[in-house]
Amino acid sequence: MNPQGIAVLGATGSIGTNTLDVVARHPDRYHVVALSAHRQLDRLFDLCLRFAPRYAVVAAGADEAALQRRLRAAGVPTEVMSGPAALDFIATLDSVDMVMAAIVGAAGLTSALAAARAGKKVLLANKESLVMAGRLFMQAVAAGGATLLPVDSEHNAIFQSLPAGYAGDLDAAGVSHLILTASGGPFRQLAASRLADVTPDDACRHPNWSMGRKISVDSASLMNKGLEVIEAHWLFNAPASRIQVVVHPQSVIHSMVQYRDGSVIAQLGNPDMRTPIACCLAWPERVASGVAPLDFRTLGDLSFEAPDLDRFPCLGLAFSALEAGGDAPAVLNAANEVAVAAFLDGRIRFTDIYRLVSDALAGMDLAASDSLDDLLLKDAATRAWLGARLS
Ligand code: NAD
Ligand code: MG
């Protein structure tokens, strides 16, 4: 068997690094064709030394020249490119069988869409693509004949817990509900009165997972779970009324499917993204991921509670945006990205994230855009609208 070619978009991030950790365990199966990073040149340089990809992509032209010089001097034959068009280029190469879409935020949309249109096996970590452009994305997957595999641990768990070959019909599969588990984040037990004073570092100190800063803040506000509800809607063709969220602080059950007959099928494992990543890389086979096996003899208690929508109103906001439809999820996503960046920069309080996203949903036109260009304009308009309020 020839190794499968992989392009890792967002290779220097948390998901990218975990992906390359699993890939490196199976050189007979996977061959790194291309890597991308935004501005983290040193880390991308190290990855190029280690994996010798055919292409490496960075954001800016100046970085492109600098990285190319360093790689030449080190005798690495990688060709360096830059900009969004270069991301699309590596996502659609003939030599690329699968694309790990692990860029953070709306910046990951166009390259993930390009991979879908080109009929690749798309390993989707970038949930924002589906939140922003779920309909267009699922259409591109169908039109391109792509295979879409969810990397997000909850969706990967549901994917594994649904019947094999699930074709998007909950009733035909006998499913009553999809149950997304949430750790509850670092502020699960914090009093409402103290949420206004938490710092970015507090928010990024997740109890179970080590992740990039944007998704860490989303996990702390439960907006991440809200984005995941919308992601589940598109991936599994499930209406909001059939998606439940339950807080499960140990993050051992990664999500569940509840069936009509009362059965619940769950996927369990240690909280380590290398498990869902390995599942997607090898599907329908199974490969070692490096994750320690779950030991039920020492596991202890698993507990569950309802999410507190008063302290974490972003989750309710995302459910409402899904129910409102149209461009509401895209506006929610864009506003959340701006608000989270402002919080990480120390410009707003944690509790302002909800207020700003909710203001954007009230202030923007939510009618559905029917082309990608219009959707990108709506995304940009939302960012500008909120940016003006913040300055
Ligand atoms: P991260 O911040 O650690 O890494 C992001 C990567 O994207 C980096 O390689 C960075 O260079 C690149 N990048 C950032 N901005 C970019 C831009 N404008 N253009 C091109 N590249 C850019 O993020 P992460 O935690 O790895 O998350 C990546 C995606 O995976 C997110 O959509 C996140 O929601 C999703 N996800 C992450 C986890 C996790 O455990 N980290 C779990 C589930 C889903
Ligand atoms: Mg998740």
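## Two open sheets in a predicted model

Alanine 101 stands opposite leucine 124 in S6, and four bridges join S5 to S6, two strands that run parallel. The model is predicted, so that local features need pLDDT of at least 70 and side-chain atom pairs count only at pLDDT 80 or more, while totals for chains, interfaces and linings use all residues. Residues are numbered from 1 along each chain as its sequence is written, and side-chain values use heavy atoms, with hydrogens and water left out.

Helices (H or I, at least four residues) and strands (E, at least two) are DSSP runs numbered from the N terminus, and two strands pair if DSSP finds at least two bridges between them.

**The seven-stranded sheet**

Seven strands form an open sheet with parallel pairing, in the order S4-S3-S2-S1-S5-S6-S7. Strand S4 (79–82) and strand S7 (147–150) stand at its edges with a single partner strand each, so one side of each is left without a neighbour in the sheet. From one strand to the next the twist averages 25°, where axes are lines fitted to C-alpha atoms, for helices over the stretch in contact, and angles run from 0 to 180 degrees between N-to-C directions. Helix H4 (residues 84–91) packs on this sheet and touches S1, S2, strand S3 (55–58), S4 and strand S5 (98–101), its direction making about 150° with that of S3; contact means heavy atoms within 4.5 Å.

Three of the parallel pairs are set out here.

| Pair | Bridges | Residues that stand opposite or are bridge partners |
|---|---|---|
| S1 (residues 4–9) and S2 (residues 30–36) | five bridges | glycine 5 and histidine 31 |
| S5 and S6 | four bridges | alanine 101 and leucine 124 |
| S6 and S7 | four bridges | leucine 123 and leucine 149 |

From strand S6 (residues 121–124), Lys121 and Leu123 point one way and Val122 and Leu124 the other way, and all are buried, that is, under 20% relative accessible area with a 1.4 Å probe and protein chains only. S6 takes part in a right-handed β-α-β unit with S5 and helix H5 (residues 109–117), and in another with helix H6 (residues 127–144) and S7. A crossover is right-handed if, with the strands pointing away from the viewer, the path from the first strand over the helix to the second runs clockwise.

**The four-stranded sheet**

An open sheet of four strands has the order S9-S8-S10-S11 and mixed pairing. Strand S9 (243–247) and strand S11 (264–268) are at the edges, each with a single partner strand, so one side of each lacks a neighbour in the sheet. Strand S8 (residues 175–182) pairs with S9 in the parallel sense over five bridges, and leucine 178 stands opposite isoleucine 243 in S9. Helix H10 (residues 223–236) lies across S8 and S9, running at about 150° to S8.

Definitions and conventions. Chains are lettered from A and ligands numbered from 1 in the order in which they are written. Buried means under 20% relative accessible area, exposed over 50%, partly exposed in between (1.4 Å probe, protein chains only).
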